[in-house]
Amino acid sequence: ETRASEKVVPADPAFAGAQQTVEQQAGQVWFPDSAFKTAQAISDFNFEGLPLIIFANWRGFAGGLRDMFGEVLKYGSMIVDNLRKFQ
């Protein structure tokens, strides 16, 4: 997906002053939800014995503090692990 999207983060019900926020997400970037889905799909293809063909221009994963807090690296590493295990 090349278009930017919006992620809605609901307000924390335990905090009276919390408000719902909307975060912009750039296109062509793996965020935790999409990275997990990709890793799970690779694992499922391997389990089912299906061939895996990837058409992507992967540059890697960002490693900043915000990315670690958002678990981008955690789910991004799942993609790498599942590709390594793929047979």
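# A first look at this chain

At 14% relative accessibility, N82 counts as buried, because the cut-off for that class is under 20%. N82 is found in helix α3, and it makes a handy starting point for getting to know this predicted model. Leaving out residues up to four places away in sequence, N82 touches A39, Q40, I42 and S43. Two of the residues on that list, A39 and I42, are themselves buried in α1. From here we can step back to the whole chain and then return to the helices.

**The chain as a whole**

- The secondary structure comes to 3 helices and 2 strands.
- Reading along the sequence, you will meet them in the pattern β-β-α-α-α.
- The chain has 87 residues, and 10% of them count as buried.
- Its accessible surface comes to about 7,100 Å², and carbon and sulfur atoms account for 56% of that area.
- Among the contacts with a separation of 6 or more, 51% are between residues 24 or more positions apart.

**How confident the prediction is**

- The mean pLDDT of the chain is 83, and 90% of the residues reach 70 or more.
- Confidence is highest in helix α1 (residues 32–48), with a mean of 90.
- Helix α2 (residues 65–69) is where confidence is lowest, with a mean of 72.

**Helix α1**

- The 17 residues of α1 should span 24 Å at 1.5 Å a residue, and the end C-alpha atoms are indeed 24 Å apart, so the two values agree.
- A35, A39 and I42 are the buried residues to look for in α1.
- These residues cover an arc of only 60° around the axis, which puts them on the same side of α1.
- What covers the buried residues of α1 includes α3.
- Turn to the face of α1 that points away from its buried side and you will find the exposed residues K37, F47 and E48.
- Just after α1 comes G49, whose phi is positive, near 75°.

**Helix α3**

- Helix α3 runs over residues 72–85, which makes 14 residues.
- From its first C-alpha to its last, α3 reaches 20 Å, close to the 20 Å expected at 1.5 Å a residue.
- V72, Y75, G76, I79 and N82 are buried in α3.
- Those residues cover an arc of only 120° around the axis, which puts them on the same side of α3.

**An aromatic pair between two helices**

- A search of the whole structure finds 1 aromatic pair.
- The pair is made by F36 and Y75, whose ring centres are 5.6 Å apart and whose planes meet at 80°, so it is edge-to-face.
- Because F36 lies in helix α1 and Y75 in helix α3, the pair ties together parts that are 39 residues apart in sequence.
- Is each ring's residue buried or partly exposed? F36 counts as partly exposed, at 34% relative accessibility, while Y75 counts as buried, at 18%.

**Where α1 meets the end of the chain**

- N46 is another residue of helix α1, and at 26% relative accessibility it counts as partly exposed.
- Apart from residues up to four places away in sequence, N46 touches K85, F86 and Q87.
- N46 and Q87 are 41 residues apart in sequence, yet their C-alpha atoms are 6.6 Å apart in space.

**A residue in strand β2**

- T21 lies in strand β2, which covers residues 21–25.
- With 37% relative accessibility, T21 counts as partly exposed.
- Which residues does T21 contact, leaving aside its neighbours within four places in sequence? They are K7, V8 and V9.
- T21 and V9 are 12 residues apart along the chain, and their C-alpha atoms are separated by 5.2 Å.

Definitions and conventions: Residues are numbered from 1 along each chain as its sequence is written. This is a predicted model: local features need pLDDT of at least 70, side-chain atom pairs count only at pLDDT 80 or more; totals for chains, interfaces and linings use all residues. Side-chain values use heavy atoms; hydrogens and water are left out. Helices (H or I, at least four residues) and strands (E, at least two) are DSSP runs, numbered from the N terminus. The expected span of a helix is 1.5 Å times one less than its number of residues. Buried means under 20% relative accessible area, exposed over 50%, partly exposed in between (1.4 Å probe, protein chains only). The arc is that of the directions from the helix axis to the C-beta atoms. pLDDT is the predictor's confidence in each residue, from 0 to 100. Contact means heavy atoms within 4.5 Å. Accessible areas come from the Shrake-Rupley method with a 1.4 Å probe; for residues, only the protein chains shown count as cover. Rings of Phe, Tyr and Trp (its six-membered ring) pair if their centres lie within 6.5 Å; planes under 30 degrees apart count as stacked, over 60 as edge-to-face and the rest as tilted.
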